[in-house]
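Please take a newcomer through this structure, saying at each stop what to select in the viewer and what can be found there.

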Amino acid sequence: MKSRLILLALVAIAATGCKKEATREKIEDKDISMVPTVQEDCYAYKKDGNTIYMRLKKDNTTTVKGDLEYAFSEKDANKGTFVGTVKGDTLIAMYTFTSEGVESKREVAFLIKDKTLIEGYGEVEEHDSAVAFKNRSKLVFNSNMPLTKVDCKK
């Protein structure tokens, strides 16, 4: 009788140990690449009273999001958010911003070069209450105000 109790106890302990191992395997087998991880980088330009600041958030999809602020000397500042994609070395996004209390949308483009972003310019046209580039292949990237990587503001 005593040996049966000991045997029964050992079987119960072994079964409990197997359940824990099976649970551990399930956790380890999960594909953690499916869990979005967000990388956040910040870029800024500041010179002669002109400031541009970008907080860029990338996850493990092709979508990028962030905040963008322009404050040019003797001009109205604008501040807003953007959503877009990075293809190769170019970020293209729709920037929704407010300036003087009015919300607007315009497409923005940046060339990514090392730890620098260079804004792109080109002919634009209005579509569905937003200003977009007429032909993205003809964008000109001007390095007069390059945004360099900086520590992100809190």
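The tour below begins with the whole chain and then moves from one selection to the next.

**The whole chain**

Begin with everything shown as a cartoon, and keep in mind that this is a predicted model. The secondary structure of the chain consists of one helix and 11 strands, and if you follow the sequence from its start you meet the helix and then the strands, in the pattern α-β-β-β-β-β-β-β-β-β-β-β. If you colour the 154 residues by accessibility, the buried ones make up 26% of the chain. A surface view shows about 11200 Å² exposed, of which carbon and sulfur atoms supply 54%. Of the contacts between residues at least 6 apart in sequence, 34% join residues that are at least 24 apart.

**Strands β1, β7 and β11**

Next, select residues 39–47, which form strand β1, together with residues 147–150, which form strand β11; these two strands run antiparallel and are joined by three bridges. Within this pairing, look for Y43, which stands opposite K149 in β11. Now add residues 116–121, which make up strand β7, and you will see that β7 and β11 also run antiparallel, with two bridges joining them. Here T116 stands opposite T148 in β11.

**The disulfide**

Which cysteines should you select to see the disulfide? Choose C42 and C152, whose sulfur atoms are joined at an S to S distance of 2.0 Å; a search of the whole structure finds one disulfide. Because C42 lies in strand β1 while C152 belongs to the segment after β11, the pair ties together parts that are 110 residues apart in sequence. The torsion about the S-S bond of C42 and C152 is about 105 degrees, so the disulfide is right-handed. The two partners can also be viewed by accessibility: C42, at 1% relative accessibility, counts as buried, whereas C152, at 22%, counts as partly exposed.

**Around G120**

Return to strand β7 and select G120, which is found in that strand. Is G120 buried or exposed? With a relative accessible area of 3%, G120 is buried. To see what surrounds G120, show A109, F110, F133, V140 and F141, which are its contacts once neighbours within four places in sequence are left aside. A distance drawn between the C-alpha atoms of G120 and N142 comes to 6.3 Å, although these residues are 22 apart along the chain.

**Around T90**

Move on to residues 90–99, which form strand β5, and select T90 there. The relative accessible area of T90 is 18%, and because buried means under 20%, T90 is counted as buried. Its side chain is joined to that of D89 by a polar contact of 3.1 Å. Leaving aside neighbours within four places in sequence, T90 touches T85, F110, L111 and F141; F110 and F141 are also among the contacts of G120.

**The aromatic cluster**

For the last stop, select Y70, F72, Y95 and F97, which ring pairs link into a cluster. The count of aromatic pairs comes to three. In one of them, the rings of Y70 and F72 have their centres 5.7 Å apart and their planes at 50 degrees, so the pair is tilted. The two residues of this pair can be told apart by accessibility, since Y70 is buried, with a relative accessible area of 4%, while F72 is partly exposed, at 24%.

Notes: Residues numbered from 1 in each chain as written. Predicted model: local features only at pLDDT ≥ 70, side-chain atom pairs only at ≥ 80, totals over all residues. Heavy atoms only, no water. Helix = DSSP H or I, 4+ residues; strand = E, 2+ residues; numbered from the N terminus. Buried < 20%, exposed > 50% of the residue type's maximum accessible area, 1.4 Å probe, protein only. Contact = heavy atoms within 4.5 Å. Areas by Shrake-Rupley, 256 points an atom, 1.4 Å probe, with all protein chains shown as cover. Pairing = 2+ DSSP bridges. Phe/Tyr/Trp six-rings, centres within 6.5 Å; stacked < 30°, edge-to-face > 60°. Polar contact = N/O pair within 3.5 Å; in protein donor to acceptor, adjacent residues only side chain to side chain. Disulfide = S-S within 2.5 Å.
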